[in-house]
Amino acid sequence: MKFTYDPRYNIAYIRFHEKSTEVDTVRLSDELVIDMAPDGTLYGIELLNANEQLRRDETEKLLIVNEATGEQVEFPLS
């Protein structure tokens, strides 16, 4: 899995698989798009206006937590 964030365009993408086949892009809302193969395999989730969707608090940081180990990593969303 790969998480990318582009602050220039304010877009985040969570990639579950590299695209090895044609995928359909499905817009679920103005701010949420998914890439899915015809067999139902989810390839990725695109978050438009990402800093608003990912903001945990006023510090404008994304907090990633490994629930198994408790390890936490913060990334700024600026």
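These legends walk through several views of a predicted model.

**View 1. The whole chain, from one end to the other.**
Let's start with the overall plan: the chain has 1 helix and 7 strands. Followed from the N terminus, its elements run β-β-β-β-β-α-β-β, so you can trace them one by one in the structure above. Of the 78 residues, 24% count as buried. The accessible surface of the chain comes to about 5,700 Å², and carbon and sulfur atoms account for 49% of that area. Take the contacts in the chain with a separation of 6 or more: 31% of them are between residues 24 or more positions apart.

**View 2. The open sheet.**
In which order do the strands of the open sheet stand? The order is S1-S2-S5-S4-S3, which makes a sheet of 5 strands with antiparallel pairing. Strand S1 (2-6) and strand S3 (24-29) are at the edges. Each of these two has a single partner strand, so one of its sides has no neighbour in the sheet. On average, neighbouring strands here are turned by 15 degrees against each other, direction ignored. As a reminder of what holds such an arrangement together, strands of a sheet pair through backbone hydrogen bonds, either parallel or antiparallel.

**View 3. The hairpin of S1 and S2.**
Now look at one edge of the sheet, where S1 stands. S1 pairs with strand S2 (residues 11-15) in the antiparallel sense, over 5 bridges. To find your place, look for Tyr 5, which stands opposite Ala 12 in S2. Between the two strands of this hairpin there are 4 residues. Asn 10 is worth a pause, as this residue takes a positive phi near 60 degrees in the hairpin.

**View 4. Strands S4 and S5 side by side.**
Here is another pair from the sheet: strand S4 (residues 32-36) and strand S5 (residues 42-48) run antiparallel. How many bridges join S4 to S5? There are 5 bridges between them. A handy landmark is Met 36, which stands opposite Leu 42 in S5.

**View 5. A nonpolar patch on the surface.**
Our last stop is the outside of the chain, where Ile 64, Val 73 and Phe 75 make a nonpolar surface patch of about 230 Å². Phe 75 is found in strand S7 (residues 72-76). Is Phe 75 buried, partly exposed or exposed? Phe 75 counts as partly exposed because its relative accessibility is 41%, and partly exposed covers the range between under 20% for buried and over 50% for exposed.

Technical notes
Residues are numbered from 1 along each chain as its sequence is written. This is a predicted model: local features need pLDDT of at least 70, side-chain atom pairs count only at pLDDT 80 or more; totals for chains, interfaces and linings use all residues. Side-chain values use heavy atoms; hydrogens and water are left out. Buried means under 20% relative accessible area, exposed over 50%, partly exposed in between (1.4 Å probe, protein chains only). Contact means heavy atoms within 4.5 Å. Accessible areas come from the Shrake-Rupley method with a 1.4 Å probe; for residues, only the protein chains shown count as cover. Patches are made of residues with over 30% relative accessible area and no salt bridge: like charges are joined within 9 Å, nonpolar side chains (Val, Leu, Ile, Met, Phe, Trp, Tyr) within 5 Å. A salt bridge is a side-chain nitrogen of Lys or Arg within 4 Å of a carboxyl oxygen of Asp or Glu. Two strands pair if DSSP finds at least two bridges between them. Axes are lines fitted to C-alpha atoms, for helices over the stretch in contact, and angles run from 0 to 180 degrees between N-to-C directions.
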